[in-house]
Amino acid sequence: MTVSILEYRPFYVTGEVEKPGSYAFHPGLTVDKAISIAGGFTERASKNRIYVMHDDSANKPNHKGSDGLAAKDSIKLFDVVQPGDVITVEQSFF
């Protein structure tokens with residue numbers, strides 16, 4: 001028996017990108033590709049302050065930060081994106 005996935009959950013890009021929103025996930029997606037799909041960085045984007053919140057609700061207990069909100073993990077441009085991930089590009093402070 002073979003199982004095929006017809007459609008993955010979308011991933012989301014927020015913050016300092018040209019076109020924030022939800023986008024169709026495809027296997028092998030990396031953070032830099034996801035940001036490119038979202039139109040690239042804005043002028044004020046920090047390329048060093050990029051975070052992800054994983055949608056692990058089906059697999060793990062809630063991962064909370066010290067403030068009680070879902071924890072954001074720092075990621076790099078070459079890291080792999082998973083279905084349901086929320087990528088946030090923070091603003092750069094000069």
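**Exercise 1. Identify the residue of strand 5 that is the bridge partner of threonine 14, and place the strands in their sheet.**

Step 1. In strand 5, threonine 14 has threonine 88 as its bridge partner. Strands here are DSSP runs of E with at least two residues, and helices are runs of H or I with at least four residues, both numbered from the N terminus. The model is predicted, so local features need pLDDT of at least 70 and side-chain atom pairs count only at pLDDT 80 or more, while totals for chains, interfaces and linings use all residues. Residues are numbered from 1 along each chain as its sequence is written, and side-chain values use heavy atoms, with hydrogens and water left out.

Step 2. Strand 1 and strand 5 (residues 86-91) run parallel and are joined by 4 bridges. Two strands count as paired if DSSP finds at least two bridges between them.

Step 3. On strand 2 (residues 21-23), strand 1 (residues 11-15) has an antiparallel partner, joined to it by 3 bridges. Serine 22 in strand 2 stands opposite tyrosine 12. The two strands form a hairpin, with 5 residues between them.

Step 4. Strand 5 also pairs with strand 3 (residues 45-53), in the antiparallel sense and over 5 bridges. Here valine 89 is the bridge partner of isoleucine 50.

Step 5. The result is an open sheet of 5 strands in the order 2-1-5-3-4, with mixed pairing. Strand 2 and strand 4 (73-74) are the edge strands, each pairing on one side only.

**Exercise 2. Determine which elements give two or more residues to the largest nonpolar core.**

Step 1. A nonpolar core is a set of buried Ala, Val, Leu, Ile, Met, Phe, Trp, Tyr and Cys residues joined through side-chain atoms within 4.5 Å. Buried means under 20% relative accessible area, exposed over 50%, and partly exposed in between (1.4 Å probe, protein chains only).

Step 2. The largest such core has 17 residues, of which Phe11, Val13, Ala34, Ile50, Val81 and Ile87 touch the most other members. Strand 1, helix 1 (31-37), strand 3 and strand 5 each give two or more residues to this core.

Step 3. Isoleucine 87 serves as an example: leaving aside neighbours within four places in sequence, its contacts (heavy atoms within 4.5 Å) include Phe11, Val13, Ala34, Ile50, Ile75 and Val81.

**Exercise 3. Find the salt bridges and state which residues are linked in a network.**

Step 1. A salt bridge is a side-chain nitrogen of Lys or Arg within 4 Å of a carboxyl oxygen of Asp or Glu. By this rule there are 3 salt bridges.

Step 2. One joins arginine 9 to aspartate 55, with the closest N and O atoms 2.5 Å apart. Arginine 9 lies in the segment before strand 1 and aspartate 55 in the loop between strand 3 and strand 4, 46 residues apart. Arginine 9 is partly exposed at 41% relative accessible area, and aspartate 55 is partly exposed at 30%.

Step 3. Glutamate 90 meets arginine 49 in a salt bridge (3.9 Å, N to O). Because glutamate 90 lies in strand 5 and arginine 49 in strand 3, this pair ties together parts 41 residues apart in sequence.

Step 4. Glutamate 90 also meets lysine 72 in a salt bridge (3.3 Å, N to O). Lysine 72 lies in the loop between strand 3 and strand 4, 18 residues from glutamate 90.

Step 5. Arg49, Lys72 and Glu90 are therefore linked in a network of salt bridges.
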